[in-house]
Amino acid sequence: MAQSFTQEYLQIPAVTRAYTTACVLTTAAVQLEFITPFQLYFNPDLIFKRYQLWRLITNFLFFGPLGFSFLFNMIFLYRYCRMLEEGSFRGRTADFVFMFLFGGVLMTLFGLFASLFFLGQAFTIMLVYVWSRRNPYVRMNFFGLLNFQAPFLPWVLMGFSLLLGNSIVIDLLGIGVGHIYFFLEDVFPNQPGGKKLLVTPGIL
């Protein structure tokens, strides 16, 4: 049993495995009270004045306490991150890491002005958005209630988040950053006079 779990775990693509594992371990550490969310959240003053640089990363790793919201986010994060890595980014791990960095930097810049404390959910929505735009003809079913084409998925998730009483600012941020990446990577280079603006650094 343990061996089969290990084999299954090691078959997960590297970037998806690393990110989802970091998210689960961070949440576990908070649940076990080794750390608190106050040590993880995005706080520009603490980052730039007290050099708590880890907050630039940890705010993407914590999705709240164990519960429905956490499981929901983890399922979507794992599913769409893996499908992207095994699909349009197959054999292009460096490009996938660059998308992570591009999205993370943009969200951090927006976070400076929007007073957002945790950006992991926005990052998940970004991954869902990019996947949905690259798979426009896939039919989706949401909890057996709604049937729609893949490009509507981020908006359906935003509506579901609204029904749960959550702010949609974080969802809009994920959709916005996802659209910027999709436009620069997939749309603009194919326009007359367009060119590829997002070039993965050689160091990756």
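## Core, annotated spans and a strand pair

The unreviewed UniProt entry places the feature "transmembrane region" at residues 56-78, 98-131 and 152-182; such annotations may be inferred rather than shown by experiment, and feature names are shortened. The model is predicted: local features need pLDDT of at least 70, side-chain atom pairs count only at pLDDT 80 or more, and totals for chains, interfaces and linings use all residues. Residues are numbered from 1 along each chain as its sequence is written, and side-chain values use heavy atoms, without hydrogens and water.

Two of the annotated spans are described below, with helices (H or I, at least four residues) and strands (E, at least two) taken as DSSP runs numbered from the N terminus.

| Span | Distance between end C-alpha atoms | Helix | Strand |
|---|---|---|---|
| Residues 98-131 | 16 Å | 85% | 0% |
| Residues 152-182 | 15 Å | 81% | 0% |

A nonpolar core is a set of buried Ala, Val, Leu, Ile, Met, Phe, Trp, Tyr and Cys residues joined through side-chain atoms within 4.5 Å. Buried means under 20% relative accessible area, exposed over 50%, partly exposed in between (1.4 Å probe, protein chains only). The largest such core has 50 residues, and Tyr19, Met99, Met107 and Leu127 have the most contacts inside it. Among the elements that each supply at least two of its residues are helix H2 (14-31), helix H7 (120-134) and strand S1 (139-142). H7 gives the most, nine residues.

In strand S1, Met140 and Phe142 point to one face and are buried, while Arg139 and Asn141 point to the other and are not. S1 runs antiparallel to strand S2 (residues 146-149), joined by four bridges; strands pair if DSSP finds at least two bridges between them. Met140 stands opposite Phe148 in S2.
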